[in-house]
Amino acid sequence: MKILHLYYDLLNLYGEYANFAALARSLEKEGIEVEVVRASLHDEIDFSDFDFIYMGSGTERKQLLALEDIKKREASLLKARENGAMILATGNSFELFGKSLTSPDGTEHACLGWFDFTTRVEEKRYLADQICTFSDGQKAVGFINKSSEIFGVTSPLFTVDFGEGNHAGDKEEGIRDGNFFGTHLTGPCLVKNPFLMVFFVKLLCEKAGVAYQALDLPYETRAYQVTLDALTERFTK
């Protein structure tokens, strides 16, 4: 299995590299031979050859650098998706896949346009811990630090229990469309939420034709439960 960490040195806030590293290690525990590739601006790369592509979060300035670069590679990236590659974009990297991104000064930047949502970046930032519910009913924990509001998502990844959704007052967060997953939930989200790690590993095992063997994640599971209990107590006081 071939997996890619795209813009590893550019979109690298909040320890998000750990999502990629932990996923690679989990796949190896399943007996899958994993080829790990890291690529950034100007690297020659064929996306269509990958099974999984990961992008993390960056500053607003670096986000725009990544946007200009990724638009030049769209055909190859789209081919990867059509070939069944899973794409996970955390933090503000998933905003690049909407129709447009408007900066605080009113400048509108065309994005890849894979989805119909639009993003507006504000001067004000939203920073908070968060609890969300995944499609299977399990609770996800994490941290959100963003200055953007997203409008027009029709297939969210999470519903929000405590915190903020794609825009102020919204109770839906992120996006899930086929084999594309995007969320502002950082932390890193796969490490902080073992059930999400299992979810992605199961999908990738199925893609590789390998029978899933239950991951042993005792420390991650305990840390998750401690965090969930503490946040639930704080939010429900």
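How many bridges join strand E1 (residues 2–6) to strand E3, and do the two strands run parallel or antiparallel? Three bridges join E1 to E3, and the two strands run parallel; here two strands are said to pair if DSSP finds at least two bridges between them. The structure is a predicted model, in which local features need a pLDDT of at least 70 and side-chain atom pairs count only at pLDDT 80 or more, whereas totals for chains, interfaces and linings use all residues. Residues are numbered from 1 along each chain as its sequence is written, and side-chain values use heavy atoms, with hydrogens and water left out. Strands (E, at least two residues) and helices (H or I, at least four residues) are DSSP runs, numbered from the N terminus.

Strand E3 covers residues 52–55, and in its pairing with E1 the bridge partner of His5 is Tyr54. Strand E3 also pairs with strand E4 (residues 86–90), in the parallel sense and over four bridges, and in this pairing Phe52 has Met86 in E4 as its bridge partner. In a regular strand the side chains alternate between the two faces of the sheet. Both faces of E3 are covered, since Phe52 and Tyr54 on one side and Ile53 and Met55 on the other are all buried, where buried means under 20% relative accessible area, exposed means over 50%, and partly exposed lies in between (1.4 Å probe, protein chains only).

A further pairing is that of strand E7 (residues 118–133) with strand E8, which run antiparallel and are joined by 12 bridges. Strand E8, spanning residues 139–151, is mostly covered, with 10 of its 13 residues buried. The hairpin of E7 and E8 has five residues between the strands, and in this hairpin Gly137 takes a positive phi near 95°.

Within this pair of strands, Arg120 stands opposite Glu149 in E8. Arg120 also forms a salt bridge with Glu149, the closest N and O atoms being 3.3 Å apart, where a salt bridge is a side-chain nitrogen of Lys or Arg within 4 Å of a carboxyl oxygen of Asp or Glu. Because Arg120 lies in strand E7 and Glu149 in strand E8, the salt bridge ties together parts that are 29 residues apart in sequence. Salt bridges that share partners join Arg120, Glu122 and Glu149 into one network. Of the two residues in the pair, Glu149 is buried, with a relative accessible area of 15%, whereas Arg120, at 37% relative accessibility, counts as partly exposed.

Arg120 is also among the residues touched by Thr102, a residue found in strand E5 (residues 100–102). When residues up to four places away in sequence are not counted, Thr102 touches Thr107, Glu108, Thr119, Arg120 and Val121, contact here meaning heavy atoms within 4.5 Å. Thr102 is buried, with a relative accessible area of 18%.

In total, the structure holds 10 salt bridges. One of them is formed by Lys2 with Asp49, with the closest N and O atoms 2.7 Å apart. This pair links distant parts of the chain, since Lys2 is in strand E1 and Asp49 is in the loop between strand E2 (35–39) and E3, 47 residues apart. Asp49 counts as partly exposed, at 44% relative accessibility. Lys207 forms a salt bridge with Asp51, and here the closest N and O atoms are 3.7 Å apart. This pair, too, links distant parts of the chain, with Lys207 in helix H5 (residues 194–208) and Asp51 in the loop between E2 and E3, 156 residues apart. Lys207 counts as partly exposed, at 33% relative accessibility.

Some details of the backbone remain to be described. Most residues other than glycine have a negative phi, and most peptide bonds are trans. Tyr7, although it is not a glycine, has a positive phi of about 60°, and Tyr14 likewise has a positive phi, near 60°. Tyr7 lies in the loop between E1 and helix H1 (17–29), and Tyr14 is found in the loop between E1 and H1 as well. Tyr7 is buried, with a relative accessible area of 0%, whereas Tyr14, at 28% relative accessibility, counts as partly exposed. The peptide bond from Gly187 to Pro188 is cis, with omega near -5°, and Pro188 is found in the loop between strand E12 (180–183) and helix H4 (189–192).
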